[in-house]
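Please open the model in a viewer and keep the selection panel at hand. The tour below proceeds selection by selection.

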Amino acid sequence: MGWYPEIVSGEWRGLLAAGIRGLFRAISVGYGWVVRYRNWRFDTGRAKVHRLPVPVVSVGNVTLGGTGKTPMVAWLVRWFLDHHVRVGVISRGYKAPRPGASDEAQELRRQLPGLVHVEDPDRVRAGWKAIQQFGCQLLVADDAFQHRRLARDLDMVLVDAREPFGFGYLFPRGLLREPIRGLRRADVVVLSRADMVSVAQRDEIRQKILAEVPQADWVEAVYVPVELVNAEGQTVAVESLAGQPVAAFCGIGQPAGFRYTLEQCGYQLIDFRALPDHYPYRPWQVGRLADWLSLLEVKAVLCTLKDLAKIPQCHLGGHPLWGLRIGIELIEGQAALEERLRALVGKALEARLV
């Protein structure tokens, strides 16, 4: 997001920054009225909610930017597949050049070959397609916490441990998509990247959130490197580059999280470029990356799987190009979450598909 976080976080000081924050604050008031009115319509039944004939698990957040939803979606899909449920993913397909080609869809397909993933801004329509055309018994709705037209059986919300409350303001003055009290709709709250803050900070976040949503189960998650993958699907161990000089880049919502993971792998990070979220990687943009990398003396170049999906080549700037596959590990609350998921397995297997 470039300069934007520096403005809303208050890191960028001075009269110009203060003026921009003031403008953003005024706009956020109007945005807040729209959000509250929309939620009021759903809360009072004035806006119709559509229920599908199979269970729906929603994975979302209340802030802008990446909270690590894709690894969580992949974890859920694997869990349901292990329990013999035909599961599909539905999503909006944000900034997809064509249906089924969003960053998230390509990353999930790389991890889960054969996955049913239907993209449509209308999540209800996407759900019906997954059921009728592919026989899905259960759906995971990616980034759907605010898509309230679709009824869900389990609402999971991810909160980034590093900035859980969006700097305390609604967009554009802060990063909140809706007021924090919207968390009251959640059944499960997942604190993502929990290892990036202290235990005391995690406890403080937990107390603040559970004060708003005491009925929710609390889960803490960390993201762990799994393997390095290239454009041809070849894999090598994460440890194969430990201690070696590497360069890295990414075009995701939270580049600091990716950089932290690289450092935890023990790589000697020579240079790092954070690109805008959902970076398109057009040929001339890839060429500029290659020019930058060609000047560096490194053993390899690393990016996320979302980035790699848009760069179909095994070398960049004369260096091997690898995507780091990241998985999720639940360090607290897994038993309670799985109890909820097991209840949905029964519903899924009993569902009458139409």
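Is Asp 153 buried, partly exposed or exposed? In this predicted model, Asp 153 counts as partly exposed, at 24% relative accessibility.

**First stop: salt bridges**

Keep Asp 153 selected and add Lys 347: the two form a salt bridge, with the closest N and O atoms 3.9 Å apart. Lys 347 lies in helix 10 (residues 334-350) and Asp 153 in the loop between strand 4 and strand 5 (154-160), so this pair ties together parts that are 194 residues apart in sequence. Lys 347 is partly exposed, with a relative accessibility of 47%. In the whole structure, 17 salt bridges are found.

Next, select Glu 332 and Arg 206, whose closest N and O atoms are 2.5 Å apart in a salt bridge. Because Glu 332 belongs to strand 13 and Arg 206 to helix 6, this pair ties together parts that are 126 residues apart in sequence. Glu 332 is partly exposed at 30% relative accessible area, and Arg 206 is partly exposed at 29%. Now add Arg 51 to the earlier selection: salt bridges with shared partners join Arg 51, Asp 153 and Lys 347 into one network.

Remain on helix 6 (residues 199-212) and select Lys 208 and Glu 204, which are 4 residues apart and separated by about one helical turn. Their side chains meet in a salt bridge of 3.5 Å, N to O. Lys 208 is partly exposed, with a relative accessible area of 45%; Glu 204 is partly exposed as well, at 41%.

**Second stop: helix 5**

Select residues 123-134, the 12 residues of helix 5, which reach 16 Å from the first C-alpha to the last. Colour Arg 123, Val 124, Ala 126, Gly 127, Ala 130 and Ile 131, the buried residues of this helix. They cover an arc of only 165° around the axis, which puts them on the same side of helix 5. Display strand 2 (87-91), strand 3 (116-119) and strand 4 (138-142) to see what these buried residues pack against. On the other side of the helix, Gln 132 and Gln 133 are exposed.

**Third stop: helix 8**

Move to residues 283-294, which make up helix 8. Which of its residues are buried? They are Gln 285, Val 286, Leu 289, Ala 290, Trp 292 and Leu 293. Viewed down the helix axis, they fall within an arc of 160°, so they line one face. Their cover includes strand 9 (245-250), strand 10 (268-274) and strand 13 (319-332). The face turned away carries the exposed residues Pro 283, Trp 284, Arg 288 and Asp 291.

Select Tyr 279 in the loop between strand 10 and helix 8. Tyr 279 is buried, with a relative accessible area of 14%. Beyond residues up to four places away in sequence, Tyr 279 touches Gly 251, Gln 285 and Lys 310.

Then select Cys 250 in strand 9, which is buried at 0% relative accessibility. Outside its neighbours within four places in sequence, its contacts include Phe 258, Phe 272, Tyr 281 and Asp 307.

**Last stop: a surface patch**

Finally, select Trp 3, Trp 12 and Leu 16, which make a nonpolar surface patch of about 340 Å². Trp 12 sits in the loop between helix 1 (4-9) and helix 2 (15-43), and is partly exposed at 31% relative accessible area.

Conventions
Residues numbered from 1 in each chain as written. Predicted model: local features only at pLDDT ≥ 70, side-chain atom pairs only at ≥ 80, totals over all residues. Heavy atoms only, no water. Patch = residues over 30% accessible without salt bridge, like charges linked within 9 Å, V, L, I, M, F, W, Y side chains within 5 Å. Areas by Shrake-Rupley, 256 points an atom, 1.4 Å probe, with all protein chains shown as cover. Salt bridge = Lys/Arg side-chain N within 4 Å of Asp/Glu carboxyl O. Helix = DSSP H or I, 4+ residues; strand = E, 2+ residues; numbered from the N terminus. Buried < 20%, exposed > 50% of the residue type's maximum accessible area, 1.4 Å probe, protein only. Expected span 1.5 Å × (residues − 1). Arc of directions from axis to C-beta. Contact = heavy atoms within 4.5 Å.
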